[in-house]
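Reader: I am new to this structure and would like to learn how its features can be read. Could you take me through them slowly?

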Amino acid sequence: MEIEFLGTAGGISSLYKTVSQHKDSIVRTGPAIYIHDLKVLIDTSEDIFYQLRRSKIYDIKIGLYSHWHPDHTMGIRVWETLNYDFINSTPNSNKTKIYLTEQQKLDFKKYFGHWDHLNYLKSLGVIEYDVVANDAQITVGKTTIEYVQLTQAIAFGFYIVTPTQRILIIPDEIKDYTPSDNIKNVDIAILPFGSNEVNPVTGERIHEEGMLERLGESRFDESVAIARAINAKHTYFTHIESTEGLNETHVAMLEQHLSQYGLNCTIAYDGLKIKS
Ligand SMILES: [Zn+2]
């Protein structure tokens with residue numbers, strides 16, 4: 001299984017003080033994850049067009065969304081730019097299958113005209129969509145992808161079972177999530193980094209005290225506690241706010257510190273591929 005982090009930023013991605021720890025990947029762009037073997041894309045931020053171009057991804061079979069928030073959805077028109085056939089007078093466009101849960105359908109109807117836009121894309125012939133239950137399981141070849149509705153009920157993670165591996169991907173909104181027993185001890189967990197009022201390494205204050213708590217944001221130490229409860233063989237943290245200002249040294253210190261306490265983890269960067 002090859003999983004690529006197309007974008008590892010949080011809600012404020014490319015314009016404001018975006019930094020990454022990796023020399024080949026100096027910026028963080030909007031959140032998106034691509035599973036190459038299955039041709040499955042999770043989330044379309046406003047950066048998705050350039051992410052697909054950079055990673056040479058031209059053929060996507062399935063599109064999934066974690067939730068309606070703009071940092072995960074505002075590149076929704078990419079299905080047209082990716083698939084539309086502008087050569088022939090009767091277009092012979094490629095088609096991606098989009099899945100939405102019942103919860104996401106309600107939210108897409110409520111916010112940003114996403115539901116109207118999806119129907120427009122369908123009328124162009126560049127997508128088809130299916131609305132599925134909030135705990136639905138999708139089968140792709142010999143792999144199943146199960147929606148995991150989070151405690152923040154607008155948002156979903158994905159529990160993926162292949163013939164040889166179990167993988168959990170939670171792109172965002174992990175606040176107050178308690179993992180159920182069946183998803184524990186997975187091979188790979190991908191979790192949101194959380195937002196922090198102080199830099200988690202230097203202790204330097206980023207936000208006014210109590211601000212993120214009031215916004216209901218999850219902190220890094222809360223994400224770490226959830227990661228410990230999940231107990232994956234390897235955990236990747238993503239969805240990293242530009243305001244964190246994490247540099248190469250910070251990341252190395254964090255990874256080392258956590259591994260000393262039994263959590264094998266990697267802080268993801270744009271373009272990182274998990275090959276397993
Ligand atoms: Zn987000």
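Author: What follows is a conversation about strands, helices and a nonpolar core, and it should be kept in mind throughout that this is a predicted model.

Reader: How should I begin with a sheet, and in what order do the strands of the open sheet of seven strands stand?

Author: Strands of a sheet pair through backbone hydrogen bonds, and they do so either parallel or antiparallel. In this structure the open sheet of seven strands follows the order β6-β5-β4-β3-β2-β1-β14, and its pairing is mixed. The edges are taken by β6 (127-132) and β14 (273-275), each of which has a single partner strand, so one side of each is left without a neighbour in the sheet. From one strand to the next, the twist averages 20°.

Reader: How do strands β3 and β4 run relative to one another, parallel or antiparallel?

Author: Strand β3 (residues 40-42) and strand β4 (residues 62-64) run parallel and are joined by three bridges. To find a place where they meet, look at Leu 41, which stands opposite Gly 63 in β4.

Reader: Which helices lie across β5 and β6?

Author: Helix α4 (residues 102-110) lies across β5 (96-101) and β6, and it runs at about 95° to β5. Helix α5 (residues 114-124) also lies across β5 and β6, running at about 135° to β6.

Reader: Why is strand β9 largely enclosed by the rest of the structure?

Author: Strand β9 (residues 156-161) is largely enclosed because five of its six residues are buried. It pairs with strand β8 (residues 143-149), to which six bridges join it in an antiparallel arrangement, and the bridge partner of Ile 145 in β9 is Ile 160. These two strands, β8 and β9, form a hairpin with six residues between them. Strand β9 also pairs with strand β10 (residues 166-169), in the antiparallel sense and over four bridges, with Phe 158 having Ile 169 in β10 as its bridge partner. Here too there is a hairpin, with four residues between β9 and β10.

Reader: How many residues does the largest nonpolar core have, and which have the most contacts inside it?

Author: In soluble globular proteins, nonpolar side chains tend to be buried together. The largest nonpolar core here has 61 residues, and those with the most contacts inside it are Ile 33, Ile 42, Phe 158, Leu 168, Ile 169 and Leu 191. Taking Leu 168 as a case, and leaving aside residues up to four places away in sequence, one finds that it touches Gly 157, Tyr 159, Ile 183, Val 186, Ala 189, Ile 230 and Ala 232.

Note on methods
Residues numbered from 1 in each chain as written. Predicted model: local features only at pLDDT ≥ 70, side-chain atom pairs only at ≥ 80, totals over all residues. Core = buried A, V, L, I, M, F, W, Y, C linked by C-beta atoms within 7 Å. Buried ≥ 20, exposed ≤ 12 C-beta atoms within 10 Å, placed from the backbone. Contact = placed C-beta atoms within 7 Å. Pairing = 2+ DSSP bridges. Axes fitted to C-alpha atoms, helices over the stretch in contact; angles between N-to-C directions.
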